[in-house]
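Colleague: I should like a close look at a single part of this model, namely the place where two chains meet. Please set it out in one connected account.

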Amino acid sequence: MKNNNKKTAISCYLFVVILLFSPWVSCEEQNEALNLSVEDLLNVEVTSVAKKAQSLNDAPAAAFVISNEDIKRSGATSIPDALRLAPGLDVAKIDSNKWAVSSRGFNGRFANKLLVLIDGRNAYTRSFSGVYWENQDVMMEDIDRIEVIRGPGAALWGANAVNGVINIITKHSAETQGGSLNVGGGTKEQDFGSFRYGAKLSENTTARAYVKGFNRSDNTHLSGDKAGDDWDKVQGGFRMDAQISARDALTTQGDIYQTHVNQSSYYPQLTPPFQFTGKDTNSASGGNVLSRLQHTFSPTSDYSLQFYYDTYSRDEGPYHDSRDTLDLDFQHRFALLDRHEIIWGLGYRFGHDQIVGNVFPNGSSIFTINPVSVNDQLYGGFIQDELTLIDNKLWLTLGSKFEHNDYSGFEGQPSARVMWAPHNQHRLWAGISRAVRTPSRVEQDFNLLSFVTPPQALSSPPFGTPPVAVTVQGNPDYRSEQVITYETGYRTTLTKTVSLDVTGFYNDYSDLRYPLPGAPSFNGSSVIQPLIFTNQLQGKTYGVEIATIWQMLDWWRWDANYSWLHTQFDNSIGNPQTGVSPKQRVSLRGALSPRRDVDLDFWLRYVDTNFTVGTFGNASVKGYVTFDLRVAWRPYAGIELALVGQNLAAQKHLEYIQENQTLPTAIDRGMYGKISWSF
Amino acid sequence: MSKRVGKYLPLLGLGLLFNTGLPTLAQSLEEQTVLAALALNIVRFTTWPSDAPMKDTIDFCVIGDNVIQQSFAGIDHKPVGTKTLHIINLSRLRNFEDCHVLYVSELKQNILLQVFAEIKKRPLLTVGESYDFAAQGGMVGLENVDGKITLHVNLTAAHESNLNISARLLKLAKIIGN
């Protein structure tokens, strides 16, 4: 009751303060501006800080944009950590070098229902249908924005955009001219540095090149021991943009990286003591090159032709995974009649992989795959029509992707969306979509020793039960998982300084992955109990995501997000063996610039209980509250000194337990300093 | 949960108190409002050729998001000489022939160049926000330089379209080209 009173008092106060900054102020401003002469208008100080709170995006989808400024002021040093800024995303750090990232539930290290693109290049790997986040990096200072679209994006982007699409977009090279040098260090972010230089190569060509590297130190096991999850990485890359003619623009870019990843792992084995822990020292390397030609016929018609090649090689303790991908994409946009905007495209992708089970130094192995190497292809097309029903008021978007892959054959992924703008301060939208998550290589072809129950001595020796080995087995008949999603949303700028974005969704999943116990066998010393991947699980999720921005003062902005998620499985077949993402997440950020040369930021996060499944059994990871602080000072133009404290609320906290192999690792409190010089 | 979050509530409260306690920055106006007022003045300082199709209204087309649309609603129906300004929010990049003024808030580079190509030499005043709007073929560019708006005028583009921009305005602008 007391709590309720408190809440009421707070909301009243908020309401009063919001009223103080309501449109009356801006009406006054408008009249004032219209009464000024041109000379005065050119001399008056203008502010544009509230723009972010006022812009409503015009996509009929649950979209959220993380800007370069947001990333900088959050203090995030990696892409997944920056993604915590978005509502609806579940980001959990497994250890220093691994993340579990998903949208609208189903999280895991190998979360498979979220598509990630970096400048148009797919970062989602077919090997396990997911993203090796530790492999994905860019120069954070050169990110233009990260677009986060929750819900299916399959009609445009294709398979695996089941619960969301993340588009990481770096700046055009014309916007990164000159040098940028960033160096720093601290407790968890032990030392890091990056250098970028951009130049004009000719009248119509700009380019930049960068190199970055870091050492990140290890965290702590729950027992208090060092977790040994430290890692390092070196990465370099370039981007070149050429305006070949008034109609043609060519972008070419590439990256190359090398990383060393350490972890303490836990593995089962068939011989006594039936389990062992190891300190893995793994490495990964990779690179990519991408080229995109854009030709513009007219303001309403253009096409782009994109090619990329991506390669990576990743050692995990139990296996080695390497993959080469070639991708070709064509997209054409044009206006038809007076009311249609059509986008259609064609794509082709070729993949070559090699996945091999490793033998541990003690002679045991837990992972086999057959065949070890596969060439696979994907081809498809899409068409979307955005139809204006009433000018500036009502739009209908219909589209579908049709594609063929070597794992599940043909897939059709349609979507229908409608958006209504009753007033330029309000947008309402609703949509229905179908999307599929196509099978991965391991889901069809692998065999993994998951855990071994040691032999039990019975009361009358020498009799006893033999060891029982549980193996997870791929299934060549494993099909796509599918979802039908119903979404609706409302966006408004309540006043010039307050915006609100609310989305509700209902997801109906079928053919989800379910490990079905197969017939046990006896190999002479152990009982083998296989768990075979099937598509027998059904489930539903529904939830609400709220994002608000309040530009309280010219120099003080609040960003608050709240996500609520309910996950429900059909339990009639048994334990669903699927992770359940936190029910609630809160992010509250305050960005203050009390002086032009000083920034103060704080970021409070609450994450509800996370339910994880894996070889350690099913576990509930306790909810946590933590916060980050950042102070930055710009003593001279182009120079910024920043001090960032991360996860300050507790000395350490557990965010996630990986499905297998990684021992539960708590994330430590951290602090780092950074000097940036732009010239 | 509420107990733990409760610990941080005083912080929020403190923030709200500060809100009323500290003064805002000196005399400043919102950028979009200033841009709309400037755009109205630019129209007032422009003369269209006598053969331009123009009746009682000067049709002012706006390409921009809801923020821009809202700001420009404030100059709708304002008098310009004997005529009145009429704001048209363009949701599609077509029918430019219906406009006397085209205001571009934000447009991808490749598309902007094609808009210029399409309306070239028509008696259509183009005003835009990017720093190189005028250099790329637009007539009047409005650039925010350290919190103040700077005018850029491309006289060649204006002359090609037979538009005459008053010397009083040109005096305040940076002239691009000859």
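In which sense do strand 1 of chain A and strand 1 of chain B pair, and over how many bridges?

Modeller: The model is a predicted one, and what follows should be read accordingly. Strand 1 of chain A, which spans residues 45-47, pairs with strand 1 of chain B in the parallel sense, and the pairing runs over 3 bridges. Within this pairing, A:Val46 stands opposite B:Leu29.

The strand pairing may be set beside the contact between the chains as a whole. Chain A contributes 47 residues to that contact and chain B contributes 45. On the side of chain B that touches chain A, the elements giving two or more residues include strand 1 (28-30) and strand 9 (148-154). The helices in that group are helix 1 (2-6), helix 2 (9-21), helix 3 (31-44), helix 4 (66-73) and helix 5 (109-119) of chain B. Of these elements, helix 5 of chain B gives the most, with 7 residues. By character, the residues on this side of chain B divide into 19 nonpolar, 18 polar and 8 charged.

Chain B itself provides the setting for its strand 1. Its secondary structure comes to 7 helices and 11 strands. The chain has 178 residues, and buried residues make up 40% of them. Among the contacts in chain B with a separation of 6 or more, 56% are between residues 24 or more positions apart.

On the side of chain A, the domain assignment gives domain 1 as residues 1-46 and domain 2 as residues 47-678. Strand 1 of chain A covers residues 45-47, and the assigned boundary between residues 46 and 47 therefore falls within this strand. The C-alpha centres of the two domains of chain A lie 38 Å apart.

Chain A also contains a pairing of the antiparallel sense, formed by strand 3 (residues 89-95) and strand 4 of chain A over 6 bridges. A hairpin joins these two strands through 2 residues, and A:Val91 in this pairing stands opposite A:Val101. Strand 4 of chain A, residues 98-103, is mostly covered, with 6 of its 6 residues buried. The cover extends to both faces of the strand: A:Lys98, A:Ala100 and A:Ser102 are buried on one side, and A:Trp99, A:Val101 and A:Ser103 are buried on the other.

To return to the part in question, the two chains are joined there by a parallel pairing of strand 1 of chain A with strand 1 of chain B.

Notes: Residues are numbered from 1 along each chain as its sequence is written. Chains are lettered from A and ligands numbered from 1 in the order in which they are written. This is a predicted model: local features need pLDDT of at least 70, side-chain atom pairs count only at pLDDT 80 or more; totals for chains, interfaces and linings use all residues. Two residues are in contact if their C-beta atoms, placed from the backbone, lie within 7 Å. Helices (H or I, at least four residues) and strands (E, at least two) are DSSP runs, numbered from the N terminus. Ala, Val, Leu, Ile, Met, Phe, Trp, Tyr, Cys and Pro count as nonpolar, Asp, Glu, Lys and Arg as charged, and the others, Gly among them, as polar. Two strands pair if DSSP finds at least two bridges between them. A residue is buried if 20 or more other C-beta atoms lie within 10 Å of its own, exposed if 12 or fewer, and partly exposed in between; C-beta atoms are placed from the backbone. Domain bounds come from an automatic or database domain assignment.
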